[in-house]
Each structure stands twice: as C-alpha cells, then as structure tokens.
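Work through the exercises below with the model open beside the text. Each task is followed by a solution in steps.

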Amino acid sequence: MTSVTLSERTAAVLERDFAGRIRVTGRAGRNISVQLTLIVLVVLTFVTFARMGYGTVDLIQAARQALADFGAMMLQPALDRPLGAGHFTWATVMESMLITIAVTALCTVISAIVSFFLALAASENLSSSAVSNVVKGIVAIIRSIPTILWVLVFTVAIGLGSEAAVLGISFHSIAYLTKSYSESFEEIDEGVIEALRASGASFWQIVFQAIVPATITKLLSWTFIRLEINFTNAVAVGAFAGAGGIGFQLYQAGSRYYNLHEVGVIVYACLVAAFVLEYVSVQLRKKYILND
Amino acid sequence: MSAEAQALQGAPGNGRARTVDLAWFRRRQIRTILGVVAVVVAFQLCSMVCNFSLTYAIGSVPAAFVWMFQNFIPTAESLANFSLVLEQTISTALDSVAATVIAAIVGIVLSVLGSSTIGVSFAPVRGLIRAIASIFRNIPMIAWALLLLLSFKQNEFTGFLALFLTTFGQLTRFFLDTFDEIPTGPIEALKSCGASYWQIVFQAGLPLAVADLMSWMLYMVETNIRSATLIGLLTGTGIGFVFNLYYTSFRYDTAGLVIVVTIVFVLVIEAVSNVARRSMI
C-alpha cells in the first residue's frame with residue numbers, strides 16, 4: 001500500500017462524512033456500490049430459500065408449536081415439579097454459572113496479555129512491515145476458524161477439561177484483540193514515537209511511556225467488549241468442551257431431558273449474567289474514559 | 001479527584017513543586033501495581049473455580065499444534081469428500097447471508113422506531129424495542145437451536161431460524177447504536193420545514209446511516225458463518241454437522257479439510273466485504 005502526505009490545505013478540502021472519515025468514493029459511486037451490495041445480498045437470499053431443505057414438517061404447525069415452546073420457556077421457568085423435573089437444583093445452576101464466568105475471565109485475561117505483545121509486533125509503526133504482515137496474516141487465519149472448532153480440536157489434542165475450553169476460546173479472542181489493539185497502536189501520532197526514539201529511549205521505554213498511556217482507554221474498551229463476547233462463547237462451547245459450566249447444563253436440559261421449563265431457568269440465569277456483565281463493562285468503560 | 005486536589009493544595013505549603021510531581025508518579029506506580037495484583041488474584045480465584053491449570057495449558061499448546069498438524073492435514077483420501085464439504089460450506093454461507101438479510105429487514109424497522117434521534121416520540125415504545133433486542137441478543141444460541149429443534153426437527157430451515165433469531169438481536173442493537181449517532185442537524189432542519197415523520201426517516205435518517213448499516217450487515221455475514229458452525233453442530237445441518245460427523249468418527253483428515261475450506265471461505269468473504277465497505281465510504 002502506498003502512502004501520501006497531504007498538505008494542511010489539501011487535507012482541509014477533503015470531503016468527510018459525519019463521523020469525520022475521509023470520503024474515498026464519489027456520491028454516484030457510493031450509491032452504486034450500496035445498491036449493488038444490496039442486490040447481491042437479496043439475490044443470494046432468494047437463492048438460499050429456493051434451495052433450502054425444509055424437512056417434512058408442516059411449517060405452520062411447527063411455528064405454532066415453537067411459539068408455545070417459547071412461551072413455556074420464557075413464561076413458566078421452573079426447576080421443581082410439577083413443571084420442572086428436579087434434574088437441577090439452584091445450587092447446580094449457580095455453581096455452573098460461576099464456572100462459566102471463571103472461564104470467561106480467564107480467557108479474557110490470557111488473551112489480553114498475549115494480544116498486547118502480538119499487537120506490538122503487528123503494528124507497522126512499531127515493528128517492520130514484513131513482521132507486521134506476517135502476524136496480521138496468521139491472526140486473520142486464526143480468526144476465520146470458528147471458536148467451537150478450536151475447542152473441539154483442543155479437546156482431542158489435550159483432553160477434555162477446562163484447559164481445552166479456555167485455550168479454544170482464547171485463540172479466537174487473541175486473534176480478535178490483536179487486530180483491535182494493533183489498530184489502536186497504529187493510530188498513535190508518529191511524532192511521539194519519533195521524539196522518544198531521538199532522545200535514546202529503548203523499545204520498551206517507548207511502549208510503556210508513550211504507547212500504553214496513549215492507548216490504554218481504547219485497549220480497555222476493546223477488552224471489555226471482548227469480555228461480553230467471551231461470555232457468549234463460554235456458554236456456547238460449554239456443551240462440547242467437557243468443562244462443565246452453564247452451557248453444559250443448558251444442553252442437558254434441552255437435548256437430554258427435553259424440559260423447556262428448566263431450559264427457561266437456565267436461560268434467565270444467562271440473561272441476568274449477561275446484563276450484569278454488560279452493565280459492569282459499560283460502567284468501567286465510562287469510568288476509565290472519563291478519568292482520562 | 002480529592003487526593004489530587006489535596007496534593008495540589010499541599011504543594012505550596014511544602015514550598016517545592018517537585019514533591020507534587022513525585023507524588024503523582026508514585027500514585028501512578030501504586031495504581032499500576034494494585035491493578036496487576038488484582039488481576040493476578042482474580043486469575044488465581046477463577047483458576048480454582050473451574051479447575052484450570054495455567055502451566056498445563058501453556059505446556060500443552062506446542063504438543064497440541066504438533067498433533068494437529070499431524071492429524072488434521074487433509075489427505076488425498078479426504079479429498080474424495082471435497083464436493084460434500086464444499087456443498088455444505090456454500091449452503092452454510094448462503095444461510096448466513098439469508099439470516100442476515102431477513103434479520104436486517106426486521107432490525108431496520110425496529111431500530112428506526114427505537115432510536116433516540118429519529119425514533120417515535122413515545123418513550124416506552126423505544127424502551128420496549130431496546131428490551132426486545134437485548135433479550136433476543138442474550139438468549140444463548142444453544143437455547144434457540146434446541147428450542148427450534150423440538151418443533152422444526154432436524155433440517156436446514158431450523159438452522160436458518162436459529163441463526164436468524166440470534167442475528168436479529170445483535171443487528172438491531174448495532175443499528176440502534178448507528179441511528180443514535182447520526183447528527184441531529186439535518187433532522188431538525190427537515191422538522192422545521194414541516195417534513196412528515198416518514199419524510200424525515202427516508203430523507204435524513206436512512207441516507208446518513210446507510211454506509212454504517214451496510215458495514216454492520218457485512219460484518220454480521222462474516223460472523224454468522226462462524227456461528228452457523230455451532231448451530232449446525234446442534235441442529236445437524238451445514239458445515240458444523242459435516243465437521244462433527246468426521247470428528248466423532250475419528251476421521252480427522254476430513255475434519256481438517258472442513259477447517260481449511262472454512263478458512264478460505266471466511267477470508268474470501270472478508271476480502272470482498274472490505275472492498276464493498278471501502279467503496280461505500
């Protein structure tokens with residue numbers, strides 16, 4: 001990619017959108033590409049519906065039953081008889097939730113630390129462009145593999161247990177955070193790094209005296225966003241990793257006991273945990289960003 | 001805040017500005033150390049709760065990768081299944097596009113009505129829309145898949161529905177955020193000219209947000225291919241089902257082929273949508 005330097009006056013006349021991004025396409029071009037993308041997506045949707053297998057069920061009948069099931073799940077959550085079947089106690093639900101939250105936290109901490117160092121290597125302004133391209137390429141490949149496949153691969157490679165779940169989720173999380181962190185690093189004013197380099201600062205001095213203080217709010221903000229995603233992933237892979245957790249109980253309730261009232265209780269537990277996590281993350285983000 | 005004020009007030013009394021600076025650096029140092037200690041303690045607690053051993057995990061990564069490269073490399077034998085894998089990947093990709101488009105249609109209506117800039121003026125309706133989006137987004141994917149499996153049985157449409165329901169919640173949230181951020185100037189201007197509600201929506205709201213809305217849709221298509229894998233595992237459809245089939249019967253070379261095809265698909269879709277995104281800005 002080539003880069004050009006604009007004089008201040010040239011930069012001032014560039015057309016920008018409301019978020020301050022420089023326009024790279026003219027109005028007609030923008031309209032055409034929006035329309036083209038929409039047409040492609042809609043055509044693909046029609047193709048999908050034309051070739052999709054609908055099974056042998058009566059769709060209207062099935063939809064009615066699905067609505068009734070949804071009602072049973074959301075409106076009549078119960079663990080105990082008569083609606084529930086006593087497969088779970090509140091203690092099991094709480095304990096499983098705690099395990100899932102612990103897995104979430106471990107994944108987030110591990111991936112934040114690893115990604116920080118990978119992102120330093122992936123930023124063009126801190127390392128060479130060759131190293132940066134290699135790291136970015138590897139990270140893109142890791143990111144394109146679904147979390148669940150990572151977890152399954154790790155369960156056969158190192159055995160069932162929380163290690164497989166944590167490693168599997170972390171891999172995807174590392175790839176995501178490395179990309180976001182390195183984008184934040186690359187936005188740093190080149191002059192700051194230049195000034196420190198000229199006064200003889202070492203690489204790590206530059207990192208900890210200039211890079212970290214300038215980007216810490218963005219890094220934390222990305223990490224908290226990822227914390228929420230990791231929770232969703234931890235629930236999702238719980239059924240397969242053998243690490244226990246709320247996802248496993250959910251899978252048991254839904255596909256072994258077929259009891260939607262128990263599924264409902266577990267779903268509500270997940271909703272509460274997700275809301276608390278979201279609230280905490282929003283509050284922390286607000287606090288850190290306002291403090292700076 | 002109060003500690004900082006105290007330090008500043010104390011400075012003239014000490015007669016030396018230097019003490020203020022040192023105190024600031026010391027506080028920053030203490031804050032950093034406290035932060036690190038808190039993270040380490042939390043890490044230990046979480047490790048105990050879920051029975052996680054960091055040394056075992058780190059130690060097993062190299063062996064796991066060696067094992068993976070020995071077993072998951074597609075062999076000539078597995079290439080016999082290539083057409084099946086390709087077909088299922090295409091259908092998974094198409095499902096994620098369809099789920100995104102349908103979710104976007106529902107999502108855009110809800111987010112226009114629910115946004116703080118061009119939404120309806122009756123606040124409880126906006127709150128209700130936000131609550132619906134939040135609940136649909138946070139209900140675990142496993143729950144959707146299992147619920148639909150009971151009524152729609154095992155087929156591709158079930159996978160599509162589960163994908164649609166999770167996508168709908170997420171996309172509505174992203175769309176709401178986008179509409180909340182559009183500048184209010186053009187909307188005010190239209191309002192003061194006497195434009196009707198729908199004129200404001202179609203002449204100011206949508207044109208201002210369209211690039212971001214499309215960008216979120218393309219992002220959702222990429223993410224959905226990954227989510228579809230998990231849903232496929234549960235509902236027995238698409239790429240997730242094929243992976244599970246070969247994985248549980250220990251034919252790892254074909255499972256590896258699934259991974260390779262997925263990587264190629266996701267990377268290509270990412271590249272195409274990056275081009276599309278750039279041409280919309």
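The exercises that follow concern a predicted model, and they go from the chain contact to helices, loops and domains.

**Exercise 1. The contact between the chains**

Task: Find how many residues each chain gives to the contact, and which element of chain A gives the largest share.

Solution.
Step 1. Count by chain: 67 residues come from chain A and 62 residues from chain B.
Step 2. Sort the chain A side by element. Helix α2 of chain A (residues 27–51) supplies the largest share, twelve residues.
Step 3. Sort the side of chain A that touches chain B by residue class: 46 are nonpolar, 15 polar and six charged.

**Exercise 2. The nonpolar core**

Task: State how many residues the largest nonpolar core has, and which residues have the most contacts inside it.

Solution.
Step 1. The largest nonpolar core holds 141 residues.
Step 2. Those with the most contacts inside this core are Val151(A), Val166(A), Ile266(A), Ile142(B) and Ala145(B).
Step 3. Helix α9 of chain B (residues 197–235) contributes the largest share of this core, with 18 residues.
Step 4. Take Ala145(B) and set aside its neighbours within four places in sequence. Ala145(B) is then in contact with Ala162(B), Ile231(B), Leu234(B) and Thr235(B).

**Exercise 3. A helix pair across the chains**

Task: Describe how the axes of α6(A) and α9(B) are placed, and decide whether the helices are parallel, perpendicular or oblique.

Solution.
Step 1. Packed helices are described by an angle and a distance between their axes.
Step 2. The axes of α6(A), residues 147–158, and α9(B) come within 7 Å, and they cross at roughly 60 degrees.
Step 3. Compare the angle with the cut-offs: under 35 degrees is roughly parallel, and 65 to 115 is roughly perpendicular. The crossing angle therefore makes α6(A) oblique to α9(B).
Step 4. Name the residues in the contact. From α6(A) they are Thr147(A), Ile148(A) and Leu149(A), and from α9(B) they are Arg226(B), Thr229(B), Leu230(B) and Leu233(B).
Step 5. By class, the residues of the contact of α6(A) with α9(B) are four nonpolar, two polar and one charged.

**Exercise 4. Helix α10 in each chain**

Task: For α10 of chain A and α10 of chain B, find how many residues are buried, and list what the buried residues of α10(B) pack against.

Solution.
Step 1. In chain A, α10 covers residues 246–255, and eight of its ten residues are buried. They are Ile246(A), Gly247(A), Phe248(A), Gln249(A), Leu250(A), Tyr251(A), Ala253(A) and Gly254(A).
Step 2. In chain B, α10 covers residues 238–248. Because nine of its eleven residues are buried, α10(B) is largely enclosed by the rest of the structure.
Step 3. Among the buried residues of α10(B) are Phe241(B), Phe243(B), Asn244(B), Tyr246(B) and Tyr247(B).
Step 4. The buried residues of α10(B) pack against α6 of chain A, and against α4, α7, α9 and α11 of chain B.
Step 5. Phe250(B) follows α10(B) and has a positive phi near 60 degrees.

**Exercise 5. Loop residues**

Task: Place Tyr258(A), Lys153(B) and Thr117(B) in their loops, and decide whether each is buried, exposed or partly exposed.

Solution.
Step 1. Recall that a residue is buried at 20 or more other C-beta atoms within 10 Å, and exposed at 12 or fewer.
Step 2. Tyr258(A) sits in the loop between α10 and α11 of chain A. Its count is 13, so Tyr258(A) is partly exposed. Its phi is positive, near 50 degrees, though the residue is not glycine.
Step 3. Lys153(B) is in the loop between α6 and α7 of chain B. With a count of 15, Lys153(B) is partly exposed. Lys153(B) too is not a glycine, and its phi is positive, about 60 degrees.
Step 4. Thr117(B) belongs to the loop between α4 and α5 of chain B. Its 18 C-beta neighbours make Thr117(B) partly exposed.
Step 5. Beyond four places in sequence, Thr117(B) is in contact with Phe179(B), Asp180(B), Ile182(B), Thr184(B) and Ile187(B).

**Exercise 6. Domains**

Task: Give the domain bounds in each chain and the distance between the C-alpha centres.

Solution.
Step 1. Chain A has domain 1 (8–53) and domain 2 (67–291), with C-alpha centres 31 Å apart.
Step 2. Chain B has domain 1 (2–52) and domain 2 (71–278), with C-alpha centres 43 Å apart.

Conventions: Residues are numbered from 1 along each chain as its sequence is written. Chains are lettered from A and ligands numbered from 1 in the order in which they are written. This is a predicted model: local features need pLDDT of at least 70, side-chain atom pairs count only at pLDDT 80 or more; totals for chains, interfaces and linings use all residues. Two residues are in contact if their C-beta atoms, placed from the backbone, lie within 7 Å. Helices (H or I, at least four residues) and strands (E, at least two) are DSSP runs, numbered from the N terminus. Ala, Val, Leu, Ile, Met, Phe, Trp, Tyr, Cys and Pro count as nonpolar, Asp, Glu, Lys and Arg as charged, and the others, Gly among them, as polar. A nonpolar core is a set of buried Ala, Val, Leu, Ile, Met, Phe, Trp, Tyr and Cys residues joined through C-beta atoms within 7 Å. Domain bounds come from an automatic or database domain assignment. Axes are lines fitted to C-alpha atoms, for helices over the stretch in contact, and angles run from 0 to 180 degrees between N-to-C directions. Angles under 35 degrees count as roughly parallel, over 145 as roughly antiparallel, 65 to 115 as roughly perpendicular and the rest as oblique.
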